[in-house]
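Please open the model in a viewer and keep the sequence panel visible. The stops below may be selected in the order given.

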There are 2 protein chains.
Amino acid sequence: MYLEKVNQPADIRGLNNDELKGLAGEMRKALLFRLSRHGGHLGPNFGMVETIIALHYVFDSPNDKFVFDVSHQSYCHKMLTGRKNAYLYEEHFEDVSGYTNPEESEHDFFNVGHTSTSVSLACGLAKARDLKGGSENIIAVIGDGSLSGGEALEGIDFASELESNFIIVVNDNDMSIAENHGGLYKNLKQLRESGGTCECNLFRAMGLDYVYLAEGNDIEKLIQVFRKVKDTTRPIVVHIHTQKGKGCSFAEQKKEDWHWCMPFDAETGESLAVFEGEDYGTITQEFLTEKMKKDPTVITIVAAVPTNIGFTEEKRKEAGKQFVDVGIAEEHAVAFASGIAAGGGKPVFATHSSFIQRTYDQLSQDLCVNGNAATILVNTASVYGMNDVTHLGIFDIPLIANIPNMVYLAPTNKEEYLAMLDWSIEQNEHPVAIRIPCNGVVSVKEKVETDYGHLNRYQVKEQGRNIAILALGDFYQLGEDVAKAIKEKSGIMPTLINPRYITGLDEELLEKLKEDHDSIITLEDGILDGGFGEKIARYYGPSGLKVYNYGLKKEFLDRYNVEEVLRDNRLTVPRILEDVLK
Amino acid sequence: MYLEKVNQPADIRGLNNDELKGLAGEMRKALLFRLSRHGGHLGPNFGMVETIIALHYVFDSPNDKFVFDVSHQSYCHKMLTGRKNAYLYEEHFEDVSGYTNPEESEHDFFNVGHTSTSVSLACGLAKARDLKGGSENIIAVIGDGSLSGGEALEGIDFASELESNFIIVVNDNDMSIAENHGGLYKNLKQLRESGGTCECNLFRAMGLDYVYLAEGNDIEKLIQVFRKVKDTTRPIVVHIHTQKGKGCSFAEQKKEDWHWCMPFDAETGESLAVFEGEDYGTITQEFLTEKMKKDPTVITIVAAVPTNIGFTEEKRKEAGKQFVDVGIAEEHAVAFASGIAAGGGKPVFATHSSFIQRTYDQLSQDLCVNGNAATILVNTASVYGMNDVTHLGIFDIPLIANIPNMVYLAPTNKEEYLAMLDWSIEQNEHPVAIRIPCNGVVSVKEKVETDYGHLNRYQVKEQGRNIAILALGDFYQLGEDVAKAIKEKSGIMPTLINPRYITGLDEELLEKLKEDHDSIITLEDGILDGGFGEKIARYYGPSGLKVYNYGLKKEFLDRYNVEEVLRDNRLTVPRILEDVLK
């Protein structure tokens with residue numbers, strides 16, 4: 001029993017090699033224990049057990065400072081830095097987040113959940129050290145998958161300018177979330193095959209010193225190589241070859257499936273999560289697969305998260321050249337899509353709301369300045385999306401909807417979503433983004449419009465009076481509930497509107513509402529600041545009409561309970577009635 | 001006289017080598033003619049005359065397609081594609097923009113003004129060609145300075161996945177706007193010094209084929225090398241060594257000064273532009289230089305545009321290790337600044353409003369999620385800023401001000417700006433961005449506040465009644481004029497407020513205004529969508545108070561006249577009075 005006794009990194013430094021191996025075994029058991037019950041990032045953490053032990057054995061954290069890229073591989077780091085209980089005892093699971101977190105420990109320096117940031121952030125720590133005259137080691141840890149991201153490449157290129165102590169550990173397990181994509185992976189392969197000796201070397205070409213270790217799951221050898229680079233006075237890359245999912249048989253076999261997991265049977269790997277009914281990922285994949293079969297110029301693009309929209313390995317193969325995973329390279333994905341549209345193709349790029357944040361300038365300059373007709377699918381864009389502070393899906397409306405020329409659509413159900421997607425692919429006039437609903441799949445049997453080319457025409461679903469409800473996207477169903485409740489309470493049916501277009505105002509309709517309405521309610525599933533409702537408030541500003549905007553406060557929520565957040569933001573039928581009918 | 005006869009690229013294909021050299025001479029004369037009278041990008045265009053001639057000689061534009069990165073080097077391309085008059089005759093100067101522009105010519109495929117995008121955009125054209133079964137050549141042209149940008153590196157990494165015809169011409173003149181920064185430039189140097197033969201090769205390490213040409217200003221040799229790669233069936237880099245400013249003696253000497261120019265004496269190079277009085281660049285540089293002398297942990301960061309805030313070569317040297325130019329790598333710059341702040345340093349990163357667009361995710365994730373106290377200076381953030389469609393400074397408020405934890409400040413004059421900057425550098429609580437005024441330097445002799453830590457307290461400059469004017473940043477002076485005019489016209493002094501904080505509401509003050517005001521005017525120097533005024537409109541939405549938001553429409557303006565744009569947006573005293581007093 002070693003892990004039980006580890007309260008700080010120094011506690012492992014008295015262990016001999018066999019004991020460290022024993023510790024590694026216990027850490028894998030602890031990972032399996034937590035992950036099988038709680039879910040989380042499995043493959044990256046299993047592969048990095050030995051590296052984390054060796055890092056903490058050689059370096060003196062928190063004086064020496066580690067920055068873990070995307071921090072998918074930080075669980076073992078947490079175990080060795082006073083947070084082991086979160087992996088050993090179910091009642092302590094919630095003590096830690098799934099990412100490094102300075103609020104948890106002095107051994108964590110950044111709250112990190114997006115990829116490709118560790119080198120730049122660590123460069124900052126190194127520069128601060130140099131300005132202050134310190135001498136500690138600064139170590140950035142980055143996986144091979146993250147290397148294709150622009151921010152990582154900018155950081156690696158910059159690192160050599162530091163001309164002082166700086167260590168980049170490249171954890172090369174020959175995998176991204178799915179397989180890697182990009183030319184640099186050919187070089188990593190050459191480096192692995194030549195034992196790091198081939199002359200053509202990406203890292204050296206970026207001005208960095210370099211060492212290679214083939215045995216990235218061998219604690220003794222890792223300790224040797226880290227000792228060798230400790231206190232280096234020049235930036236250096238330590239390229240280590242590890243095995244993703246190492247020590248977890250099913251994860252070793254099926255690396256993509258086990259990058260991240262829901263709770264599962266620890267013996268068999270059988271998932272314990274139960275999915276019933278339809279999901280928008282599969283709906284999207286089936287629609288696009290069909291579309292691509294019929295039209296060879298339609299192309300689906302993802303940035304390292306293909307199953308996000310249902311494209312499993314099998315479905316990717318089926319799509320062939322009409323499916324492109326650009327790797328972790330969202331900026332490239334958007335510009336690439338713009339170029340395809342300019343060349344007469346019909347590109348659809350899909351990613352998470354949280355990751356589209358990486359592409360503001362590409363959406364603006366590469367796509368919208370040029371008015372190219374690419375389609376951007378934004379998913380998990382909702383309070384119902386991912387709930388880690390680094391993966392929130394509630395900021396995309398201010399990000400996307402304030403870019404000129406962009407048409408950002410908010411479907412309210414499955415049929416409307418597919419009609420919008422179909423229209424967007426076939427039209428040649430506008431850059432279009434579509435906010436995939438995230439409140440479960442609502443199916444309506446009614447006919448939906450198929451031409452969205454007459455921009456900014458809102459749809460009146462129920463003509464009433466006094467109060468008008470503009471219920472956007474997946475808060476449309478909430479709008480229906482509010483309408484019903486107002487009718488019940490006041491006896492007067494309010495007008496219920498599906499705005500459909502986030503990016504523009506239906507001024508004709510808004511003007512007409514003035515005739516027999518005195519209050520307007522807007523509902524949107526995102527922050528209010530810079531959002532849809534504020535545009536309506538601005539429109540009615542000079543009129544004296546009352547406008548009530550409902551949405552989320554501008555804040556970084558973390559591991560939140562959806563119902564609580566909705567209550568806090570008065571996003572419930574009783575609270576809305578209380579405000580509007582008073 | 002060759003140029004006069006060139007109406008399309010085919011017209012140069014009958015010329016022999018001597019005649020092509022004659023054409024090059026005439027093109028340089030035309031460049032000098034236009035640039036000395038009109039201003040524009042000088043160094044990049046002078047250095048690329050021969051390359052552009054050779055490209056159009058070998059390839060068949062617009063069937064074969066060129067994509068010019070940042071398109072600073074596209075003037076000669078325009079001369080050879082039917083637009084020569086814009087360089088030969090003053091009355092035709094305005095026929096063309098300073099960038100490639102599909103509205104001008106079928107030889108241009110994208111409107112491009114931000115760097116590092118050409119490879120990704122051209123990858124898109126290549127993919128569209130492959131989907132459609134075409135066989136034309138796709139050629140991306142990119143300068144060495146642009147290579148450090150994340151989007152370019154993502155694109156280069158992806159390019160090898162195309163596995164079909166794709167040519168990247170790397171125009172290496174060993175300069176960015178200022179000198180290059182980053183480790184990859186050491187590799188470019190090795191490649192130049194070894195005639196392209198050294199084994200360690202950035203481009204090969206990214207999976208690409210590669211050829212090198214030392215004589216990048218020799219038309220004959222350029223034609224040879226382009227002929228060699230024409231119709232390649234695999235992605236290939238053609239690395240050419242050119243001389244920035246070639247053929248313009250003063251530009252050859254002072255490369256940084258002549259990257260871009262205002263009108264000048266064509267004989268002597270003497271600038272014809274007259275600057276009088278203070279400018280915010282120099283004010284910023286002087287303040288930061290002083291600050292850095294006093295405190296070795298203060299550090300100024302720029303991304304390739306150092307003179308933007310007054311840091312000439314001399315001033316950069318003076319600042320030493322406390323000045324860092326990261327090269328064209330804005331994403332890295334923000335994450336780096338966040339890391340420095342986390343490590344106890346005091347970073348100030350300055351760039352243009354248009355270029356900060358590249359950093360939304362870094363501002364959000366690397367900086368604001370972590371709440372690190374870095375300072376971001378945003379300049380040319382104004383309708384008075386740069387007026388090309390690719391360089392507009394009117395979108396930064398929706399971009400920055402809707403990120404949680406960010407404090408975005410809008411100073412209204414020089415003293416307030418410096419007080420805010422000083423406060424921001426010294427505090428440890430908040431990520432802060434400051435919107436440098438852009439309507440000329442207004443100096444007030446009055447004392448300004450020095451502690452902005454009590455967030456979101458607006459400043460009442462004039463207590464009046466009925467109407468309140470919230471005049472943000474450099475539209476404060478317009479607010480003063482409106483206040484005066486209202487007083488004159490109605491006899492009642494309105495309340496005049498300097499909001500100072502773009503990111504939050506002074507709810508106490510806004511609530512109090514309800515007591516004796518019935519109308520609120522907001523003024524902001526940027527687009528209204530997602531901006532400051534809409535937050536005020538939302539606040540007063542349920543109150544029945546009238547709110548009038550003034551700012552710019554959400555649109556991509558291009559080469560506009562400021563007065564016209566202000567008039568079109570009713571941003572003049574008479575129009576505002578007409579709206580509010582009716």
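Begin with Pro62(A), which lies in the loop between H3 and strand E2 (65-68) of chain A; helices (H or I, at least four residues) and strands (E, at least two) are DSSP runs, numbered from the N terminus. The peptide bond between Ser61(A) and Pro62(A) is cis, with omega about 5°. This is a predicted model, in which local features need pLDDT of at least 70, side-chain atom pairs count only at pLDDT 80 or more, and totals for chains, interfaces and linings use all residues. Residues are numbered from 1 along each chain as its sequence is written, chains are lettered from A and ligands numbered from 1 in the order in which they are written, and side-chain values use heavy atoms, with hydrogens and water left out.

Next, select helix H3 (residues 49-58) of chain A, where 10 of the 10 residues are buried, that is, under 20% relative accessible area (exposed is over 50%, partly exposed in between; 1.4 Å probe, protein chains only). Among them are Glu50(A), His56(A) and Tyr57(A).

Now turn to chain B. A cis peptide bond, with omega about 5°, also joins Ser61(B) and Pro62(B). Pro62(B) sits in the loop between helix H3 (49-58) and strand E2 (65-68) of chain B.

Select Ala304(B), in the loop between strand E8 (298-302) and helix H13 (313-319) of chain B. Its phi is near 75°, a positive value in a residue other than glycine, and Ala304(B) is buried at 3% relative accessibility. Arg559(B), in the loop between strand E18 (546-552) and helix H22 (562-568) of chain B, likewise is not a glycine and has a positive phi of about 40°. Arg559(B) is partly exposed, at 34% relative accessible area.

Then display both chains. Which residues of chain B lose the most area to chain A? About 8500 Å² is buried between the chains, 57% of it from carbon and sulfur atoms; buried area is the accessible area (1.4 Å probe) that two parts lose on being put together, summed over both. In chain B, the residues to select are Glu154(B), Arg538(B) and Phe556(B), together 9% of what that side buries.

Between the chains there are 10 salt bridges, each a side-chain nitrogen of Lys or Arg within 4 Å of a carboxyl oxygen of Asp or Glu. One joins Arg538(A) to Glu534(B), with the closest N and O atoms 2.7 Å apart.
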